[in-house]
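Please look through the sequence and the 3D structure shown below, and then follow the report from one part of the chain to the next.

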Amino acid sequence: MKRIRIEYFKNLDNYGTAMMGLVTVAALARRYGPEQVEFHCDFDDDRVLEEARAELPAGIRLVRRPTPDQRTAGLSPLRRKTARLGSLLFENEGKGFDMLVVLGGDDLSEYYSPWAPALALLRKWRASFRTRVVLLGQTVGPFTRPLNRLLARRLMPRMELYSRDEPNAAYLAAEFGLHPRLSADLALCDLPLQKETGAAPLSEYGLREAEYVTVIVSGCQSGGRYYCRNTGTYIARFREIVRGLLADPRLTGKQIVLLAHTFGSHGDEPAAVRAVAEGLDPAERERIVPVAEKIGPTRARAILGHGLFTVTGRMHAAVSTFQGGRPAISLSYSAKYDGVIGRGLGRGDLIVEADDDRLWESGRIAELVAEKTDYLLTHYGRLCGEIAERVAATRRTAEETLKNL
């Protein structure tokens with residue numbers, strides 16, 4: 001039996017990461033046969049293991065394999081640091097596995113931690129002497145720190161690297177002399193149970209296909225690191241965005257779904273959903289459908305893919321919307337939006353570069369979303385046709401990548 005280790009699939013709290021993990025597991029299970037392969041994933045706990053099983057066809061063998069950070073979580077700070085150092089020096093992640101798959105998207109970048117890329121690359125390089133290491137569907141970098149740049153140049157040639165967009169592949173070639181295989185975002189593929197689920201979740205919330213707009217209030221703002229320094233201003237501007245949608249005569253009678261797309265350490269979007277909704281007037285709330293609870297990636301995709309369009313601060317919410325053949329206005333905070341959506345799907349015309357505190361403080365962000373909404377509704381039929389065509393081609397690229405594994 002083959003044993004495949006999959007990393008960066010710790011939970012289903014980020015629907016985007018969960019989608020990529022589920023697609024990868026299901027594809028490899030089909031290729032090898034479910035009874036011939038065992039997947040060892042870095043799930044946080046047994047509850048996550050059961051959540052993942054519920055999103056996959058029966059018969060796929062999943063095993064929880066904790067990371068060093070997970071194993072040392074209950075130790076004192078000193079003992080934890082000592083144990084993690086020992087793991088870094090003496091534990092080889094590739095031992096006993098036929099393949100180590102490191103899931104994309106942008107964890108190998110400095111967006112979330114300046115030092116995490118160096119540690120990750122050292123671990124994967126060491127593992128590459130014991131097994132095949134695949135960096136799958138990645139947006140790597142950009143790197144500004146000398147150590148990250150040095151390790152990317154020296155260590156990554158030992159690994160199989162699949163870049164999920166052309167700009168990132170060009171960056172890696174120009175900066176580090178790397179030549180990754182060009183892939184696409186894996187979340188563009190159908191989720192394992194997507195066809196069986198269909199549009200069924202809509203009825204649970206009193207929704208009708210194409211009779212609502214979905215809004216994702218990104219939890220990335222937490223701590224003021226992205227978009228806007230002041231949380232109160234950030235929430236207030238999203239209320240303005242929602243009010244603009246409610247007031248648009250072309251959306252008369254249509255509902256606004258406020259959907260939480262990430263949870264826990266990835267950003268408390270349920271709290272953001274509630275804050276936006278509670279600040280609206282009672283008459284406005286009559287058309288608001290808050291979905292703050294965790295409903296899982298497959299049901300979330302059903303809502304995103306069957307609405308009229310989406311306004312989102314989470315990239316994979318846009319991916320799910322496009323995957324359903326509908327347009328999405330993306331509030332970008334990193335280069336991955338241009339790579340995956342702008343270049344990959346040809347929809348740079350639906351991206352708002354929103355990682356600028358001045359846009360939120362001045363209120364200009366709501367005006368920019370209104371301008372994109374007007375453009376989208378004016379050209380809706382043409383956009384949907386172009387999106388369906390481009391998604392089909394890009395999805396084939398992602399599926400071919402999974403076959404190559």
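## Helix 15 and its surroundings

Just after helix 15, in this predicted model, Gly346 takes a positive phi of about 70°. Helix 15 itself spans residues 335–344, and its buried residues are Lys336, Tyr337, Gly339, Val340, Ile341 and Gly342. The cover over these buried residues includes two other helices, helix 7 (166–176) and helix 14 (315–323), together with strand 12 (328–332) and strand 13 (351–353).

## Strand 8 and its two partners

Strand 8, which runs through residues 212–216, is mostly covered, since 5 of its 5 residues are buried. The covering applies to both faces of the strand: Tyr212, Thr214 and Ile216 are buried on one side, while Val213 and Val215 are buried on the other.

Strand 8 pairs with strand 9 (residues 255–259) in the parallel sense over 4 bridges, and within this pairing Val213 has Ile256 as its bridge partner. Strand 8 is also joined by 4 bridges to strand 11 (residues 309–312), again in a parallel run, where Ile216 stands opposite Thr312. As general background, the strands of a sheet pair through backbone hydrogen bonds, either parallel or antiparallel.

## An open sheet of seven strands

Elsewhere in the model, 7 strands form an open sheet with parallel pairing, and their order across the sheet is 3-2-1-4-5-6-7. Strand 3 (61–64) and strand 7 (181–182) stand at the edges of this sheet, and because each has a single partner strand, one side of each is left without a neighbour in the sheet.

Inside that order, strand 5 (residues 132–138) and strand 6 (residues 160–163) run parallel and are joined by 3 bridges. One pair of residues that can be followed here is Gln138 and its bridge partner in strand 6, Ser163.

## Cysteines without disulfides

How many disulfides does the structure hold? The number is 0, and Cys220 offers a case that can be reasoned through: a disulfide requires two cysteine sulfur atoms within 2.5 Å, whereas the closest cysteine sulfur to that of Cys220 belongs to Cys228 and is 14 Å away, which is too far for a bond.

Cys220 has a relative accessibility of 8% and therefore counts as buried. Cys384, at 16% relative accessibility, counts as buried as well, because the term applies to residues under 20%.

## Buried and exposed positions

Is Ala127 buried or exposed? Ala127, which has its place in helix 5 (residues 116–127), is buried, with a relative accessible area of 0%. Leaving aside residues up to four places away in sequence, Ala127 touches Asn92, Glu93, Gly94, Leu100 and Val133. Ala127 and Leu22 are 105 residues apart in sequence, and their C-alpha atoms are 23 Å apart in space.

Ser222, by contrast, is exposed, with a relative accessible area of 54%, and lies in the loop between strand 8 and helix 10 (231–247). From C-alpha to C-alpha, Ser222 and Val48 are 24 Å apart in space, although 174 residues separate them in sequence.

## A nonpolar patch on the surface

Trp115, Leu147 and Leu150 form a nonpolar patch on the surface, and together they have about 300 Å² of accessible area. Of these residues, Leu147 lies in helix 6 (residues 146–155). Leu147 is described as partly exposed because its relative accessible area is 40%, a value that falls between the cut-offs of 20% for buried and 50% for exposed.

Technical notes. Residues numbered from 1 in each chain as written. Predicted model: local features only at pLDDT ≥ 70, side-chain atom pairs only at ≥ 80, totals over all residues. Heavy atoms only, no water. Buried < 20%, exposed > 50% of the residue type's maximum accessible area, 1.4 Å probe, protein only. Contact = heavy atoms within 4.5 Å. Patch = residues over 30% accessible without salt bridge, like charges linked within 9 Å, V, L, I, M, F, W, Y side chains within 5 Å. Areas by Shrake-Rupley, 256 points an atom, 1.4 Å probe, with all protein chains shown as cover. Salt bridge = Lys/Arg side-chain N within 4 Å of Asp/Glu carboxyl O. Pairing = 2+ DSSP bridges.
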